[in-house]
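Visitor: I have the model open and would like to walk through it with you. Could we start with the sheet in the smaller topic and then move on?

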Amino acid sequence: MSLRVEHLSKDYPTRSGPLPVLRDLNLALDRGEALAVMGPSGSGKSTLLHILGTLDRPTSGRIDLDGKDPFALSEPELADFRNRHIGFVFQDHYLLPQCSVLENVLIPTLVSREDRGQAEAWARQLLERVGLAQRLDHRPAELSGGERQRVAVARALIHHPALVLADEPTGNLDRRTAQSVGQMLLDLHREQNTILVVVTHSAELARQFPRQMEMGDGTLQPPDGGALTEIQAPPGEGVRRP
Amino acid sequence: MSFARLLLRNLLYHWRGNGAVLLGVAVGTAVLTGALLVGDSLRGSLRGLTEEQLGWVDHALVSGRFVRADLSTGLGAARAAPVILLQGAATRLPPDGSSELPRRVGHITVIGVDDRFWPNRPGEVALVVPKRNGVVINAALANDLGVTLGETIALHVQRSSGVPRETLLGRRDEQSILARLQFPVQLIIPDAAPGARFNLNPSPATPRTVFVPLRLLQEGLGERGRVNAILTQGETAEELQANLKKHLTLDDWGLVVLDPASRFARLDRDGDGKLSLSEWKGRVPQAVANTADADNVVSRQAVVDYYSRRGYLSLESRQLYLEPTTVKAALAAAEEAHLRAAPTLVSLANSISDGANSIPYSVVAALDPAQAAPLGPFLPKGVERLADNEIVLSGWPQSPLKDTPVGSKITLTYFAPEAHGTTVARTAEFTLAGRIPLAGVADDPDLAPEFPGITDKTAPGEWEPPSSFDRKDIDAKMKGVHEQYWRNYRTTPKAFVTLAKGREIWGSRFGDTTSVRLAPEDGRSLEGAAADFRTQLLERLKPEDGGFVFDPVRERALQASAGGNDFGGLFLGFSFFLIAAALLLVGLLFRLNLDRRASEIGLLLATGYRRRIVFVLLLTEGAILAAVGGLAGLALAVLYSRLLLEVLRGLWPGGLEPSFLRPYVTVSSLAIGFVAAFAVSVLTIAWAMQTLRKVAPAALLAGETTAAPEATPTGRRRLWSAWVALGFAALAVVHLPLGWLRHGSEMQAMTFFGSGFFLLIAALAATWAWMRSTRQAAVGGHGAAALAKLGVRNAARHPLRSLLTAGLLAAAAFLLVAVESFRRRAGDDFLLPTSGSGGFNLVAESDVPIYQDLNGKEGRQEISDGVERRLHDPQALKALQETLKDVSVEQFRVRAGDDASCLNLYQPRKPRLLGVPSSLVDRGGFRFADSLARTPDEKEDPWRLLNRTFDDGAVPVIGEANTVKWMLKGDLGKDISVTDDQGQPLKLRVVALLSDSVFQSGLLMSGTNFLRLYPSSEGYNFFLIRTPPKDADGVQRALETALGERGFEVTPSARRLEAYLAVENMYLSTFQVLGGFGLLLGTLGLAVVLLRSVWERRGELALLRALGYRHRALAWLLLSENGFLLLLGLGIGSVTALLAVAPHLLGGEGAIPWPELLGMLAAVLLVGLLVAAAALAATLRAPLVPALRRE
């Protein structure tokens, strides 16, 4: 399993014409690799993540995931592909408030052909792994921010995805919790041998990753001088410089 | 975890939003189903009323002539009751010595009944019906009359007349026409009692009825043992009709075949087998009188011998004239019975003159003069045949014309055979062909039929002449030889003409034959021949020809109970905008839910849910909500339909009785309502989800629910919207004029709504284009104006949402404006000759026909006499006579039928028909909505179209536009089926449509056609009266005083029209009430949009508050945004409605009541702003910091 991105571009239409966000972006990641992408707000980090996750379409360029161009698939096939191969973790976890912790993890399995019993057993294992074995029947509203994000991580891994994409996974968490969630994400990535791409403002989180890149001018560049700078902290974290 | 569980979790978790959607669906279902239930209720109520008012009666034979009551026993019906059924007036007679004035009530039903009528089914209340000399009245009449038990009432009903009243010999004086019967009231039965509301023409209004013991009424009317109606239960109309034919006797037909024995029996009133002086005097020929013995007794044998010598039988009618169908049957029967037949017409000439001398008041016989004995001949010696212009005189020795030379001109003066209000004298010229001796066949007083009051009198001085004749003139002329002739020869004709000529001058719509004389050809006895002939004749007489037709009243009334209008459809139409508003609200609410759940949807897509699955999941949620909402809506529908019924009951002109209009619920309506509401709700929900299909999952995750405009440049979208606007505007412009070209009512209505709808779409599309425009004005300045500008700009932030809101309000405004524009009233010009009144300021109807011309001498005398009789005030009488000089009356014949006006809730199956006097056709006037007029003459006066003839035999009729279109489901140029006097099918072709006219209750045909098709109808029952405005009240009082006992009721024509318009206006008011509900939903929709907008912008609003904006400034900003949408919606709705109804307004059919209309729109605006303000107040109280944090 590998991820290849070649000459990727993305424009957004505006009343005054197209606004380029990504320009001729190239990237290659193999199974087991983890990448942290940093960059200022509006640099296109989330757009890249959404395109990698097939939630949005590129204006041009090609993405090859394990030898397949997902955008060549029809909408139903693409949805199935996403369901089987990609896991998401968002800053705003997006847990369904009406469902329990276990149910939230199982949400992706409702549209797969996976055996229900196996899926539930795996969900329980994952939740145990993220430390929520005692909270299976709780509702999201009864969990802390970190716990909710752990549920989101478990949900992202329910189908043993090859590609896990995390968009500011610790953006809404305090430092200690953020560190714990980041570490857990990396641990699970290693355990599951996934390709992990994390978009973050947090240099602390990025430093935990073996590979970091910075988004600038619509493309990915190695971090300047190898030093990582907190570019813009999310609310509540303050602004730190190294 | 499963989909079902996820669905359940979703439904329960989002209960607030889902509850709102569910409520919206429930409201939509309630409105839709409720409308259908109103239709069910009306149909059910009418059906219930029919069952109640008809009681046990399935069929009714109501005849113009009285028949034996015993006829009811041989019909094979499970139950049969012979009754006398009459319309008339009742007067409460004040107790003796009281100074109270008599109180009179017209339009009452008088029923002569016996035990066979009253309900006697198990469980029904057994009534103690008075059988002696008292009457039973129902509570409705008791209330109107103010009568209590034991008091006396007088009933005024029409007497039956053997001789048609409109013939030369008919009696038209009030004494002959009206029977005044007095009875004590012995029982007042509640209106709910079985039989109390008996009515053969069921109506929501409780009939005012008097039940008189049958025997008493028979005696009062002089119809012992006879009835004019038979009510039956069971059997089919065909079976009853077949049995009726078997049991009808010649007596029931009013016919008599006179043979020698029956002639004697007719004279022998006491049945003692001989004739005393009182029995034979003046009633037998001189030859028979001469056989009287010393005791003045004439033996039976003498009578039988005389008539046996005469050698012929005679078929005669109690009505004087034999009907044409009877004559035809008689001739066929005679042929079958081997009888030689000689139709004969005997009439009266006022004078026979040769210019110098004349014979007054002579009987003239029209017959075949060449018939051999015993039926003739009546030819002078040497004359073999008589030409139609020749006359033969009787060789009466004292005749003043005894010396008139053969070949001289003889002038016959006679009254026209039919008297239409006045009697007209005419003359006919003949040449004297000769004289025949006053002996043998010529000496036969029995050629003339019996005519009580004349033929039974021994001297002219004893005559009781009919109305046409002048008593004084008779007394002056019938002296000397003329009196002597009568004493000796009585009705023996003094002259003979051919049958053809006689029929030409004396033939009328009632017949042209007074007897058919029959002579056996084979020497058989007269009695044997008579028996044979009677059998053959009865064989050939068709009951239908005599008006003996069993009417399937129950079947007809049950069919009619489907209603004049499909109230279900009508209320569904009225509720169209309300339903649309409810659906739009459902769409808005569901969309609001989706907005709030955008990230949830985005997450499902991100985790690999196919769009279709997400769509199905959400749609299933929507469908469950629609189903549950629909079920809740069904319960609401029952309540809503009751509310509508209350509205209908309250708004119906004059109100409807509380016992009427009960709620009925049918499973089919519930099923249709549920399925329809469910289907449209699901479609609406699907439509609300449509735009989500285009939103990228990433955008959804970010909470966005509108697609980025990437596929089509904004400019192209705007252009597309502009084209849509232009296209629909063009369509509306093309569509509008079609309204003038289309005659069909539905088509016109469709054109109106179609045009309005197109204009509405065009305006909304234009609004859409504007909202998508990038060239909106920049916001600048400061203060309230700048905030208002920003508010307007904000309104375009979510074009679809804003458009839905404005569209909802536009639809409501469209409804209100269009409805107000159609509200009608009798305008100031109503009394002009070219208006709906035709210039007649009074309308009158009479239960008992008026036979006189109320403009003529006889009619005015009748009015004067009536006033004099009742008021005894010579001065008032003189003043009245003076006033009447300026009064003119148009009188119409009426064929009773169903009230075709919109006041009748039943479907009129056989509309009332009016015969228009030729004077009105010549005069013209009234306002026509449309006509088939082609020639300049017809265009100038469309009434002339009534004289048109159609190749297919259709009869031209004119009707009031709404009556024809909505009640009779006809239209200009279309045919309406009815039956003629003989029950034969007849096509009435609508040649013109009157507008806003007083003629709503029936169809109008020419008087000539009316008499041709309904020859048995006599007199006038409908009147248009023109008086100087100041005299209207006085004339009304005078006419009601003079003719009140005939049930003559006068109404100002403006009031009459307004009673009709009140129904139309009631529909409009109902429409408005429903429009008001639509508006309420519209304003709720506005509140939903406002809340959605505030919710989305809570951060923005919090920021503005943080920047120092006061609550008032924020409220103004949001209110201006919503006020703009409100004004936009109301403006679009009002203006498009005005444009759409412009053709009607220009056509003068409506007038805009601006103050009311603007008041209503202002109220809408106010309510909308209040709802918005209430929503804002709740939102702006929210804490500041969390909203800012969220942002």
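Visitor: How are the strands of the chain A sheet ordered?
Guide: Chain A has an open sheet of three strands in the order S2-S1-S4, with antiparallel pairing; strands here are DSSP runs of E of at least two residues and helices are runs of H or I of at least four, numbered from the N terminus, and two strands pair if DSSP finds at least two bridges between them. Strands S2 (17-30) and S4 (60-65) of chain A are at the edges with a single partner strand each, so one side of each has no neighbour in the sheet. On average, neighbouring strands of this sheet are turned by 20° against each other, direction ignored, where axes are lines fitted to C-alpha atoms (for helices over the stretch in contact) and angles run from 0 to 180 degrees between N-to-C directions.

Visitor: Before I read on, what should I know about the model and its labels?
Guide: This is a predicted model, in which local features need pLDDT of at least 70 and side-chain atom pairs count only at pLDDT 80 or more, while totals for chains, interfaces and linings use all residues. Residues are numbered from 1 along each chain as its sequence is written, and chains are lettered from A and ligands numbered from 1 in the order in which they are written.

Visitor: How many bridges hold S1(A) to S4(A)?
Guide: Five bridges join S1(A), residues 2-14, to S4(A), and the two run antiparallel; A:Arg4, for example, has A:Asp64 in S4(A) as its bridge partner.

Visitor: Which strands does H1(A) lie across?
Guide: H1(A), residues 45-52, lies across S1, S2 and S4 of chain A and runs at about 60° to S2(A).

Visitor: And why is H1(A) largely enclosed?
Guide: Eight of the eight residues of H1(A) are buried, so the helix is largely enclosed by the rest of the structure; a residue is buried if 20 or more other C-beta atoms, placed from the backbone, lie within 10 Å of its own. Among the buried residues of H1(A) are A:Lys45, A:His50 and A:Leu52. A:Thr54, which follows H1(A), has a positive phi near 65°.

Visitor: Switching topic: how many residues does each chain bring to the contact?
Guide: Chain B gives 27 residues and chain A gives 27 residues, a contact being two residues whose C-beta atoms, placed from the backbone, lie within 7 Å. On the side of chain B that touches chain A, H1 (3-13), H20 (598-606), H21 (611-651) and H23 (697-701) of chain B each supply at least two residues, and H1(B) gives the most, with six residues.

Visitor: Now S2(B): which strands does it pair with?
Guide: S2(B), residues 79-92, pairs antiparallel with S8(B), residues 226-233, over five bridges, and B:Ala80 stands opposite B:Thr232 there. Eight bridges join S2(B) to S3(B), residues 103-113, also antiparallel, with B:Thr91 opposite B:Arg104. S5(B), residues 152-158, pairs with S2(B) in the antiparallel sense over five bridges.

Visitor: Is S2(B) mostly covered or mostly open?
Guide: S2(B) is mostly covered, since 11 of its 14 residues are buried.

Visitor: Last one: what do the buried residues of H17(B) pack against?
Guide: The buried residues of H17(B) pack against H2 (15-54), S1 (59-68) and S20 (550-551) of chain B. In H17(B), residues 553-560, the buried residues include B:Val553, B:Arg556 and B:Ala560.

Terms used:
Buried ≥ 20, exposed ≤ 12 C-beta atoms within 10 Å, placed from the backbone.
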